[in-house]
Structure formats: C-alpha cells, structure tokens
Amino acid sequence: MSKYLVVIDMQNDFLTGALKNDEGVKVIGYIKEKLDSVDADTKVIFTRDTHQDDYMSSEEGANLPVPHCIENTDGWEITPELVPYKNKANVFDKNTFGSKELAKFFENLEEDVESVELVGVCTDICVISNALLIKSVLPNTKIYVDAKGCAGVTPKSHDTAIEAMKACHIHILNEGLEGWR
C-alpha cells in the first residue's frame, strides 16, 4: 500500500504571474519541507493547469478572462523552488480545475492506495476539485488536505473550501495553522 502526496498547480502564473497570489507564494517553503520529508512509501504527483492559445474562447476564459498557464510559457512552469521534486514525480496536465486523468490513475490503483494528501493552490478551485474527484474514485480511502500547504484566491474562500471538504469527509490537517494568515 502506498501513500501519495499530490501538489496542485504550484505554477508561476498562480504565484507571481498573471493570477499572482501572495498567500500562495508563502506556502512554497512549507511544501518544499513536506517534499523533503516524504518517506520511501510516499509517491509524489504534481498537477499542472494547462491551457492553450484559445483560452479566452473557452468557458473558463469567459468567466475568468485572464490568460494563464498557457502551455510552454514561463507562467505554465512549476515554481523554480519545486522543480527538482517535479522532475522525480508523475505530472498530470489538466485543462480545467480537476484532473480526470488523475482520478482515473487513482481509480486504477484503488486496492494499493493507503492515503492521498493534497497541498497547493487554489484551495477553493483546483485543490477542492481534485480532492473531491479523488474521493469519488477512492470513497473508502483517507483523503487529506494540509491547510497549511494550501492557499485560496482569498483567505475567506480558502476557509469556505476547507469547510466544504470537511463536509465531504476530506480530512483537514493543520487547519488554523496557515502560515500566510
């Protein structure tokens, strides 16, 4: 049985670029520490928000008219502090908030997954979407979100997402200990 640590969308555009988030920048060090301390039984996965040049004509672009994470741009890249870990991990590119491919990956491993923990940005969009997708394919597996390793679009939306995940039996670690508060 394996444990998994899933790092959600720690990309330049979400941290310092088009959708800059100071709270997200503040969790980089904590996520790096978590990655440094994973044991041999823990496998690491990264997700990467991935859009194309036609982003503005998409449903997401109509609702969030800020081109971001356009494939093969600097904004699409994982933040430099975490690149060494990404290079040793599975990476799932996704064209929307949640990754169907990541969910299918876990669905195919159902009997071999002890637990899944998520960190990253944005708590209220991509973290919650992926946590719920994973929970839907692993309903009897412990799914954790480390609140200290996440940042929402705003602190309020982060807190709202944490409450929603708790209602869906996602276990929240380090709630109230967020270092960016």
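Which side chains meet in a salt bridge at 2.6 Å, N to O, with arginine 48 as one partner? Select aspartate 93 and arginine 48: their side chains form that salt bridge, a term that requires a side-chain nitrogen of Lys or Arg within 4 Å of a carboxyl oxygen of Asp or Glu.

Before moving on, note that this is a predicted model, in which local features need pLDDT of at least 70, side-chain atom pairs count only at pLDDT 80 or more, and totals for chains, interfaces and linings use all residues. Residues are numbered from 1 along each chain as its sequence is written, and side-chain values use heavy atoms, with hydrogens and water left out.

**Stop 1: aspartate 93 and arginine 48**

Colour strand β3 (residues 90-94) and strand β2 (residues 42-49): aspartate 93 lies in the former and arginine 48 in the latter, so the pair ties together parts that are 45 residues apart in sequence. Helices (H or I, at least four residues) and strands (E, at least two) are DSSP runs, numbered from the N terminus. Arginine 48 is buried, at 10% relative accessible area, whereas aspartate 93 is partly exposed at 31%. Buried means under 20% relative accessible area, exposed over 50%, and partly exposed in between, with a 1.4 Å probe and protein chains only.

Next select Asp9, Asp49 and Lys94, which are joined into one network by salt bridges that share partners.

**Stop 2: lysine 86**

Go to helix α4 (residues 83-86) and pick lysine 86. Its relative accessible area of 16% makes lysine 86 buried. Show its surroundings: beyond the neighbours within four places in sequence, lysine 86 is in contact (heavy atoms within 4.5 Å) with Phe46, Arg48, Ile78 and Val91. Arg48 in that list is the residue from the previous stop. Add isoleucine 45, which is 41 residues from lysine 86 along the chain, with a C-alpha separation of 7.6 Å.

**Stop 3: lysine 34 and its two partners**

A search of the whole structure finds ten salt bridges. Two of them can be viewed from lysine 34.

Start with glutamate 117, whose salt bridge with lysine 34 has its closest N and O atoms 2.6 Å apart. Glutamate 117 is in strand β4 and lysine 34 in helix α2 (residues 22-36), so this pair links distant parts of the chain, 83 residues apart. Both glutamate 117 and lysine 34 are buried.

Then select aspartate 146, which meets lysine 34 in a salt bridge at 3.0 Å, N to O. Because aspartate 146 lies in strand β5 (residues 142-151) and lysine 34 in helix α2, the pair ties together parts that are 112 residues apart in sequence. Aspartate 146 is buried at 0% relative accessibility, and lysine 34 is buried at 17%.

**Stop 4: backbone features**

Where does a cis peptide bond occur? Zoom in on valine 121 and cysteine 122, which are joined by one, with omega about -15 degrees. Cysteine 122 is in the loop between β4 and α6 (123-137).

Move to the loop between α3 (59-63) and α4, where cysteine 69 is located. Phi of cysteine 69 is near 50 degrees, a positive value in a residue other than glycine. Asparagine 72 lies in the loop between α3 and α4, and its phi, near 65 degrees, is also positive in a residue other than glycine. Is each residue buried or exposed? Cysteine 69 is buried at 0% relative accessible area, while asparagine 72 is exposed at 61%.

**Stop 5: tyrosine 55**

Select tyrosine 55 in the loop between β2 and α3. Tyrosine 55 is buried, at 3% relative accessibility. Leaving aside neighbours within four places in sequence, its contacts are Glu60, Gly61, Leu64, Val66, Pro67, His68 and Ile70. For a distance check, draw a line to valine 83: the C-alpha atoms of the two residues, 28 residues apart along the chain, are separated by 25 Å.

**Stop 6: glycine 176**

Finish in the segment after β6 (171-173) with glycine 176. Glycine 176 is exposed, with a relative accessible area of 53%. Lysine 148 is 28 residues from glycine 176 in sequence and 7.8 Å away in space, C-alpha to C-alpha.
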